[in-house]
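Here's a quick tour of the model in front of you. Pull up the viewer and follow along.

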Amino acid sequence: MRICPTCRTIYTDENALECVRDGARLVDQARFQEAQSDPLLGERINERYLISERVGQGGMGTVYRATQSGLDRAVAIKVLKRELNVDQDTVQRFKREARAMSGLSHPNTVRVFDFGESSDGLLFLTMELLEGELITDRMAREGVLDLSEAVRFAQQILYSLAEAHSKGIVHRDLKPDNIFLTERSGDSEVVKIIDFGLAKIVCGDSVSGDAKDITATG
């Protein structure tokens, strides 16, 4: 059984992917029940982004699948936890991630489309929607990466970092959890670096004020 998280239509076809009524991505019963406690599902942010599914959650916020009105484009939208809005260090880290990523356009870096604050005070960051898995998940399932595969992934990571460094941005948090493997294109996958929340932004010989001392949440 598959269920639409937006309109709650039930589909008996286990291979069904999207709701024919609103285009939302269908989920299984377990994920549907889990999602019902999330008040943002089915809501619109600033009348531009219709949230349809929760795809990930971290210490700072939650990432959702959403549809951008007008363009009918599927995007990922990262929303800062409401209770963290009063924590200026966390807010600055979130804003720093938006500022750092908005200036990057390399194919091996996740693209940022928009950043702002909703009418009810939620900070959000809109990015390209990635389909695939983290290197963390790949290694947990298959163990150590094949040498040729690891080298290919490392090359793509370096291409992304080269652009960031040329613009005075140092990631400072590279790890398997922040390296995403998109779905295969032909015979290979494309690496995407994500989460620039701890980035240091260097302007000439100086460092942006909010990035000097903050190195981790808490």
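## Confidence

Confidence varies across this predicted model: strand E15 (residues 206-207) has the lowest mean pLDDT of the elements, 43, while helix H4 (residues 147-166) has the highest, 94. (pLDDT is the predictor's confidence in each residue, from 0 to 100; helices are DSSP runs of H or I with at least four residues, strands are E runs of at least two, and both are numbered from the N terminus.) Residues 204-218 have pLDDT below 50, and this stretch makes 24 contacts in the model beyond near neighbours in sequence, a contact being heavy atoms within 4.5 Å. Where pLDDT is low, the predicted coordinates should not be read in detail. For the protein as a whole, the average pLDDT is 82, and 89% of the residues score at least 70.

Some ground rules: residues are numbered from 1 along each chain as its sequence is written, and side-chain values use heavy atoms, with hydrogens and water left out. Since this is a predicted model, local features need pLDDT of at least 70 and side-chain atom pairs count only at pLDDT 80 or more, whereas totals for chains, interfaces and linings use all residues.

## The overall picture

The protein has four helices and 15 strands. Of its 218 residues, 46% are buried (under 20% relative accessible area with a 1.4 Å probe, protein chains only; exposed is over 50%, partly exposed in between). Take the contacts between residues at least 6 apart in sequence: 52% of them join residues at least 24 apart.

## Cores and helix H2

The largest nonpolar core (buried Ala, Val, Leu, Ile, Met, Phe, Trp, Tyr and Cys residues joined through side-chain atoms within 4.5 Å) has 32 residues, and Leu 80, Ile 169 and Phe 196 touch the most other members. Two or more residues each come from H2, E9, H4, strand E12 (179-182) and E13, with H2 giving the most, five. Phe 196 is in contact with Ile 169, and its other partners beyond four places in sequence include Ala 100, Met 101 and Ala 164. Apart from this core lies another, of twelve residues, among them Leu 40, Ile 45, Ala 66 and Val 75.

H2 itself (residues 88-102) has 15 residues and spans 21 Å from first C-alpha to last, close to the 21 Å expected at 1.5 Å a residue (1.5 Å times one less than the number of residues). Its buried residues include Val 91, Phe 94 and Ala 98, but also the charged-type names Arg 93, Arg 96 and Glu 97.

## Salt bridges

There are eleven salt bridges in the whole structure, each a side-chain nitrogen of Lys or Arg within 4 Å of a carboxyl oxygen of Asp or Glu. One joins Glu 128 and Lys 192 at 3.1 Å, N to O. Glu 128 lies in strand E9 (residues 123-128) and Lys 192 in strand E13 (residues 191-193), so this pair ties together parts 64 residues apart in sequence. Both residues are buried.

Arg 141 pairs with Glu 133 at 2.7 Å and with Glu 142 at 3.3 Å. Glu 133 is buried, at 16% relative accessible area, whereas Arg 141 and Glu 142 are exposed. Salt bridges with shared partners join Glu 133, Arg 138, Arg 141, Glu 142, Glu 149 and Glu 189 into one network.
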